[in-house]
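Here are some short exercises with worked solutions. Have a go at each one before you read on.

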Amino acid sequence: MQYWWIVLLVLVACAAEGFAVYALRFKSTLSLILVIVIAVFVMGYKTYEFAGYRINGIAEYPIEFSHISYFIFGTVAILGLRRLYGLAGYCATLTGFGNIIALCVSVESMIEGFRSVGYFALSVVLHNLMFFGGLLLLCDTVKFRLKDIWTVFVAVAAICGFAQLVNAGLVYGDIDYKDSLIILKIMDGRILEYVISADKLTVAAKVVGTACILLAVCGTIVLYFWGNNRIYDKRDSAALGRGYDITCAKMGIVPLTLSAINKVKNKDNKHG
């Protein structure tokens, strides 16, 4: 593997992110601030990127799961949509984790898919930030409501359905890179071509591969919500035993702003 050192750097970064998440386990407000900063940055950059494509007449659109995840994560962070906290965290974590797995399996193919080394490096940074933000949501900020798990299943199905509309030419009919979309490769089994040569890849193998990925996604959604609740129950007990205050501020720029305004008004009323 020619680029083994890139894989090593990414794995070291992931380990550092995991350590940071553990270190911040009793610092909910700080973790929340980090989530918001990450979410606004990644969505802001992606908005700038895709807007630039449109201005310059380039047929590049947010179709991949990771592309849409940036906007889901950022929107939830800005608006503080409580019922979608779990969705935002799952999308961010899966986006980052999927990129890490892809790098470990076929880093050469990943690099060849970018127009320059700079774009590849930026992609790695953005995906790692998403992974970090997803872990913070999972472990350090908000306890998800189990009854909201349906939002993740619906969102994943909608993203896949949207990709199929693109594949059928009903949406974004001017794109010429449908065959290279990762989400379509996953759905039709061609994703296995990264580890098995195309001439040896049978239809049965594609079906089994797609089915396994589907089961893995469904399983990880359930595991993500269950793990979040288990982590928070244990963390809350440990925090109480140590006298920590882990009360988390409201998530989202809009709710935080409104809360700050109300505090100022209440203070003025008291002095008045």
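**Exercise 1.** Work out whether Tyr172 is buried, partly exposed or exposed, and say where Tyr172 sits.

Start with accessibility. The relative accessible area of Tyr172 is 26%, so it is partly exposed (buried is under 20%, exposed is over 50% and partly exposed lies in between, with a 1.4 Å probe and protein chains only). Next, location: Tyr172 lies in the loop between helix 6 (150–167) and helix 7 (182–188). Helices here are DSSP runs of H or I with at least four residues, numbered from the N terminus. Then check the backbone: Tyr172 is not a glycine, yet its phi is positive, about 50 degrees.

A word on the source: this is a predicted model, where local features need pLDDT of at least 70 and side-chain atom pairs count only at pLDDT 80 or more, while totals for chains, interfaces and linings use all residues. Residues are numbered from 1 along each chain as its sequence is written, and side-chain values use heavy atoms, with hydrogens and water left out.

**Exercise 2.** Describe how helix 1 and helix 5 pack, from axes to residues.

Axes first: helix 1 (residues 4–23) and helix 5 (residues 117–141) have axes that come within 10 Å and cross at roughly 25 degrees. The axes are lines fitted to C-alpha atoms over the stretch in contact, and angles run from 0 to 180 degrees between N-to-C directions. That makes helix 1 roughly parallel to helix 5 (under 35 degrees is roughly parallel, over 145 roughly antiparallel, 65 to 115 roughly perpendicular and the rest oblique).

Now the hand. The crossing of helix 1 and helix 5 is right-handed; that is, the near helix is turned clockwise from the far one by less than a right angle, whereas anticlockwise would be left-handed.

Last, who touches whom, with contact meaning heavy atoms within 4.5 Å? On helix 1 the contact residues include Ile6, Val10 and Glu17, and on helix 5 they include Phe120, Asn128 and Asp140. Sorted by class, the contact of helix 1 with helix 5 has 13 nonpolar, one polar and two charged residues. For the classes, Ala, Val, Leu, Ile, Met, Phe, Trp, Tyr, Cys and Pro are nonpolar, Asp, Glu, Lys and Arg are charged, and the others, Gly among them, are polar.

**Exercise 3.** Do the same for helix 3 and helix 5.

The axes of helix 3 (residues 65–79) and helix 5 come within 12 Å, crossing at roughly 50 degrees. Helix 3 and helix 5 are therefore oblique to each other, and the crossing is left-handed. Helix 3 brings Ser66, Ser69, Tyr70 and Phe73 to the contact, and helix 5 brings Leu126, His127, Met130, Gly133 and Leu137. The class tally for helix 3 with helix 5 is five nonpolar, four polar and no charged residues.

**Exercise 4.** Find the angle and hand for helix 4 against helix 5.

Helix 4 (residues 85–112) packs on helix 5 at about 145 degrees, with the axes 7 Å apart. The crossing is left-handed, and the contact of helix 4 with helix 5 holds 15 nonpolar, eight polar and no charged residues.

**Exercise 5.** Check the length and cover of helix 3 and helix 5.

Expected span is 1.5 Å times one less than the number of residues. For the 15 residues of helix 3 that should be 21 Å, and the end C-alpha atoms are indeed 21 Å apart, which agrees. For the 25 residues of helix 5 the expected span is 36 Å, and the end C-alpha atoms are 35 Å apart, which agrees. On to cover: eleven of the 15 residues of helix 3 are buried, so helix 3 is largely enclosed by the rest of the structure. Helix 5 is mostly covered too, with 18 of its 25 residues buried. Just after helix 3, Gly80 has a positive phi of about 65 degrees.

**Exercise 6.** Which residues do Lys46 and Asn229 touch?

Lys46 is in helix 2 and, at 8% relative accessibility, counts as buried. Leaving out residues up to four places away in sequence, Lys46 touches His67, Tyr70, Phe71 and Leu126. Asn229 is in helix 8 (residues 203–242) and counts as buried at 12% relative accessibility. Beyond its neighbours within four places in sequence, Asn229 contacts Lys143, Phe144 and Leu146.

Technical notes: Helices (H or I, at least four residues) and strands (E, at least two) are DSSP runs, numbered from the N terminus. Contact means heavy atoms within 4.5 Å.
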